[in-house]
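This report describes the overall build of one protein and then turns to a few selected residues. The sequence and structure are shown first.

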Amino acid sequence: MRRLERQDYLNWLIKWKDQQIIKVVTGVRRCGKSTLFAMYQDYLRAQGVAPEQIIAINFENLDFEELTDYKALYRYVKERLLPDQMNYIFLDEVQHVADYQKAVDSLFLLENCDLYLTGSNGYFLSGKLATLLTGRYVELSMMPLSFREFCTGLEENSLSLNEKFERYLRVGSFPYVLRYGYGEQEAREYMYSIYNTILLHDIVRRLKVADVNMLEAITRFVMHNIGNRTSPSTIANAMTSQGRKIDPKTVDRYLRGLTDSLLFYEARRYNIKGKKLLASMSKYYLCDVALRSLLVRSRDSDIGHTLENVVYLELKRRYPEVYAGQYGADGEVDFVAVQDGLPVYYQVAQTTLDEQVLARELAPLRQIRDNYPKYLLTLDEAFGEMNYDGIEKKNVLKWMLGEAPV
C-alpha cells in the first residue's frame, strides 16, 4: 500500500512549526488530512522529536469517544504534556467535540503546545473557531489530488498525458483511489459512499433537513449546471417547473450547506471594471469532477464545463482568491485570480482551432485594457502554445503539471 506524498501541504506545516499560532487544516472528507498529519509526525520524529512529545487524537476513532467532551479532552492532553519540551498536539476531525474551542483556547495559552487541527466542513472554521480564536490561527485549505499529484502517483508510466487526464476524470482525485489502485467501478463505489456521508452527516444532520429528496434534487441540479451562473431563485424556479415547489430562502440554506461541506465551491462574480464583487448569480464547482459523472448524465459536449471545473480547482490551489469575471453588461471572463491584490485573467475552452471559436474566446480578454496577465487554456496540442497580442494560449494539461505552491 503506497502513501502519496503531498509535499506542498507538508511544506506548509513545516513552515509554521513551533510558531505560537494554531494550524488549522480544512478540506472535504477523505481528501487526505489525516494522512498529511501522519506524514508530518514522521517528519517530526526524523527531526529528533521524541514520540512522547506527540499527542495525536482522531475523533472518528472510537478509542477516543470519551474525549468528545471538551473538559475530558483538556484533561487528557494536559496530563500527557512534557513540562520542559515542546508538545505537538494533533486533533483530527475536532468538530466532533462539543465546545472544542474551549479546550483549544486553553491549550493555546500554554507556551509549550504546538497545536494542529483538522475539520471536514467550512462551518467548523467559519463558525465557532473563527469567532473565538480570531487572529490566532492560520488555515490550510486542503483539496483532493491535483492533476500533477495524480500523475506523480500513477504506476502506469506508459500512459500518454491525455490518457492520464482521462483516467483522472473517470476515477477521480480522492487519494485512496490512487493509493489502492482502484479501478473505475471500485472508484465509483468509493466516491458514492463519500457523497452519501457528506450529504447525510454534514448537511442533513446539521441543517436538520426534512426533505432529503429535495436536497438531492438541488445537488444534482447544481452538478448539472457547473460553470453556469445561478441563484437560489433560479434553482427554486427550476424545481417548481418540475412540480416540486420550494422557497428560494430554503434553496439558499441548502446551497450554504453544500459549500460548507466543501462538496462545492462558490465562485462569486467579480466586476472587472468596477473592481468589486457582485452580490448575485454565482457559479458553483464540484470538489471532484468524477462525482458529477457518478450522479448526472453527461454529454460529450459537456467536456467544456468539466474542464472549466478542473481549472477552477487548480486556480484555487494556486491563488488565495478566485472569482468568475464580469466585464460590462454581457462580457464574461471565466476566472479572475487575485494574488496580493493583483488580478490574472483566465479563459478556458476545449479547443480553439476553429477561427470563429478562437475569436469568441479571445474577445472578452481583449476588452480588458489593463496590462495584467491574460491566459487562454485549451486541450489543443497543435498550436497549443501561442501568443495573441499579449494573451498567452497554453495547453491546459501542461499548465496543470507546473508548480502550484500552497
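Among contacts in the protein between residues at least 6 apart in sequence, what percentage join residues at least 24 apart? The share is 67%, where a contact means heavy atoms within 4.5 Å.

The model is a predicted one, in which local features need pLDDT of at least 70 and side-chain atom pairs count only at pLDDT 80 or more, while totals for chains, interfaces and linings use all residues. Residues are numbered from 1 along each chain as its sequence is written, and side-chain values use heavy atoms, with hydrogens and water left out.

**Overall build**

The protein has 16 helices and 15 strands; these are DSSP runs numbered from the N terminus, with helices (H or I) of at least four residues and strands (E) of at least two. Its radius of gyration is 22 Å, close to the 22 Å that the globule rule gives for 406 residues, so the protein is as compact as a globular protein of that length. That radius is taken over C-alpha atoms, and the rule is 2.2 Å times the number of residues to the power 0.38. Along the principal axes, the C-alpha atoms fill a box of roughly 70 × 50 × 45 Å.

Of the 406 residues, 53% are buried. Buried means under 20% relative accessible area, exposed means over 50%, and partly exposed lies in between (1.4 Å probe, protein chains only). The protein exposes about 18800 Å², of which carbon and sulfur atoms supply 47%; the areas come from the Shrake-Rupley method with a 1.4 Å probe. There are 52 positive and 54 negative side chains, and the centres of the two sets lie 5 Å apart. Lys and Arg count as positive and Asp and Glu as negative, without His and the chain ends; each charge is placed at NZ of Lys, CZ of Arg, CG of Asp or CD of Glu.

**Buried charged residues**

Three residues are described here with their polar contacts. A polar contact is a pair of N or O atoms within 3.5 Å; within protein, one must be able to donate a hydrogen and the other to accept it, and residues adjacent in sequence count only if both atoms are side-chain atoms.

| Side chain | Partner | Distance |
|---|---|---|
| Arg317 | Pro144, backbone oxygen | 3.0 Å |
| Arg317 | Leu145, backbone oxygen | 3.3 Å |
| Asp380 | Lys393, side chain | 2.9 Å |
| Glu361 | Gln347, side chain | 3.2 Å |

Arg317 belongs to helix H14 (residues 303-318) and counts as buried because its relative accessibility is 11%.

Asp380 is in the loop between strand E13 (374-378) and strand E14 (386-388), and at 5% relative accessibility Asp380 counts as buried. Leaving aside residues up to four places away in sequence, Asp380 touches Gln350, Thr351, Thr352, Leu353, Lys393 and Asn395.

Glu361 lies in helix H15 (residues 355-367) and is buried, with a relative accessibility of 11%. Not counting residues up to four places away in sequence, Glu361 touches Gln347, Val348, Ala349, Thr352 and Leu376. Thr352 is thus touched by Asp380 and by Glu361.

**Positive phi in loops**

Asp18, a residue other than glycine, has a positive phi near 70°. Asp18 sits in the loop between helix H1 (7-15) and strand E1 (22-26), and is partly exposed with a relative accessible area of 35%. Asp99 likewise is not a glycine and has a positive phi, of about 55°. The loop that holds Asp99 runs between strand E3 (87-92) and helix H4 (100-108); with a relative accessible area of 28%, Asp99 is partly exposed.
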